[in-house]
Amino acid sequence: MTEISPTPSTPQHRGTALRLHRQLARIWGSDPRFRGWLTTSNNNDIGGLFLIVATTFFVIGGVLAMLIRAQLATPNSAFLQPEAYNQIFTMHGTVMMFLFAIPFFEAMSVLLLPGMLGTRDMAFPRLGAYGLWVYIFGGSAVIIAMLMGLAPDGGWFMYPPLSSAAFSPGVGADVWLLGITSIEVSAIATAVEVIVTVLRYRAAGMSLSRMPIFAWYILIVSVMILTAFPPMILGSLLLEVERALDWPFFQVENGGDPLLWQHLFWLFGHPEVYIIFLPAAGMIATILPVMARTT
């Protein structure tokens with residue numbers, strides 16, 4: 001048999017290989033310095049940062065829940081003033097629904113999907129980084145406003161007319177609306193990234209029927225996000241325009257209809273239940289069979 005000799009390793013070949021390796025490391029690698037966390041587009045870094053930030057918001061939501069329970073522990077409690085209680089109640093629901101539940105499962109998707117699908121990274125790494133920082137910006141704005149005593153007090157569902165400028169004066173509701181809109185834009189960016197990754201970036205030979213069950217769950221949830229979040233963004237923008245410019249969308253006295261907000265909100269709110277539930281079910285359906293085989 002004819003023996004195939006390896007390609008000779010010349011200094012020129014070694015130099016070319018080293019140059020290509022450095023270019024690849026510059027694109028896919030992560031900078032260990034602090035600047036690297038700010039500029040990274042690696043899915044492991046993005047997913048890790050998503051988890052850290054979402055867990056931080058979860059802790060904040062838990063503290064708010066304890067404050068609510070301390071107020072309700074005794075009749076006629078004076079632990080919190082009515083205005084402060086309404087703000088904390090509103091912010092607890094906001095944090096748990098918008099700042100923790102969905103971003104946490106988005107973080108798990110960004111972190112786990114490439115390994116499950118046999119690909120190097122997500123489809124649009126920079127889109128993932130954009131979604132992360134928009135999420136951090138929106139969530140931080142809402143929390144900072146709360147710490148400054150500017151949180152809204154109309155409930156996390158922000159029903160008009162309670163959320164109108166007449167009944168919720170000040171900038172608290174405006175900061176909430178703009179911050180929540182940013183978080184929803186972040187969720188849509190991550191959903192686009194997940195859908196394209198699942199449909200186009202699977203390993204060779206991995207058909208849709210051979211995908212891990214978690215990938216299927218996340219794919220369905222991402223499609224639901226793309227259909228459920230735009231109505232909420234539209235509602236938030238219309239309510240903000242009404243508050244800022246006194247345009248008639250939801251106020252009856254101006255010719256608007258508060259039911260319009262409820263329609264837009266629950267076009268988001270009902271799918272939201274499954275957007276939160278399905279990733280958790282997918283994780284359990286992925287983990288339990290593996291644990292059953294190893295016992």
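This report walks through the fold, the helix packing, the core and a few individual residues of a predicted model.

## The overall picture

Let's start with the big view. The chain is built from eight helices and has zero strands. Read from the N terminus, the order of elements is simply α-α-α-α-α-α-α-α.

As for dimensions, the C-alpha atoms fill a box of roughly 90 × 45 × 40 Å along the principal axes. The chain has 295 residues, and buried residues account for 44% of them.

## How α6 and α7 sit together

Helix α6 covers residues 172–200, and helix α7 covers residues 213–245. The two pack at an angle of about 155°, and their axes are 8 Å apart. With angles over 145 degrees counted as roughly antiparallel, that makes α6 roughly antiparallel to α7. Their crossing is left-handed.

What kinds of residues make up this contact? Mostly you'll be looking at side chains of the nonpolar sort: the contact of α6 with α7 divides into 25 nonpolar residues, three polar ones and four charged ones.

## One salt bridge

Side chains of opposite charge can pair when their charged atoms come close. In this model the count of salt bridges comes to one. The partners are R243 and D174, with their closest N and O atoms 2.9 Å apart. R243 lies in α7 and D174 in α6, so the pair ties together parts that are 69 residues apart in sequence.

Is this pair buried or exposed? Both R243 and D174 are buried, meaning that each falls under 20% relative accessible area.

## α4 against α7

Helix α7 also packs with α4, which spans residues 82–117. Here the angle is about 140°, and the axes are 11 Å apart. That makes α4 oblique to α7. As α4 passes α7, the crossing is left-handed.

## The nonpolar core

The largest nonpolar core holds 66 residues. If you want a couple of places to start clicking, try M91 and W176, the residues with the most contacts inside this core.

Which elements give two or more residues to the core? They are α3 (43–72), α4 (82–117), α5 (125–147), α6, α7 and α8 (258–294). Of these, α4 gives the most, with 14 residues.

## A few residues to look at

G36 lies in helix α2, which runs over residues 34–39. Its relative accessibility is 4%, so G36 counts as buried, given that the cut-off for buried is under 20%. G36 and T197 are 161 residues apart along the chain, and their C-alpha atoms are separated by 24 Å.

For another stop, go to A165, in the loop between α5 and α6. Why does A165 count as partly exposed? Because its relative accessible area is 39%, and partly exposed covers the range between the 20% limit for buried and the 50% limit for exposed. A165 and A189 are 24 residues apart in sequence, and from C-alpha to C-alpha they are 31 Å apart in space.

Note on methods: Residues are numbered from 1 along each chain as its sequence is written. This is a predicted model: local features need pLDDT of at least 70, side-chain atom pairs count only at pLDDT 80 or more; totals for chains, interfaces and linings use all residues. Side-chain values use heavy atoms; hydrogens and water are left out. A salt bridge is a side-chain nitrogen of Lys or Arg within 4 Å of a carboxyl oxygen of Asp or Glu. Helices (H or I, at least four residues) and strands (E, at least two) are DSSP runs, numbered from the N terminus. Buried means under 20% relative accessible area, exposed over 50%, partly exposed in between (1.4 Å probe, protein chains only). Axes are lines fitted to C-alpha atoms, for helices over the stretch in contact, and angles run from 0 to 180 degrees between N-to-C directions. Angles under 35 degrees count as roughly parallel, over 145 as roughly antiparallel, 65 to 115 as roughly perpendicular and the rest as oblique. A crossing is left-handed if the near helix is turned anticlockwise from the far one by less than a right angle, and right-handed if clockwise. Ala, Val, Leu, Ile, Met, Phe, Trp, Tyr, Cys and Pro count as nonpolar, Asp, Glu, Lys and Arg as charged, and the others, Gly among them, as polar. A nonpolar core is a set of buried Ala, Val, Leu, Ile, Met, Phe, Trp, Tyr and Cys residues joined through side-chain atoms within 4.5 Å.
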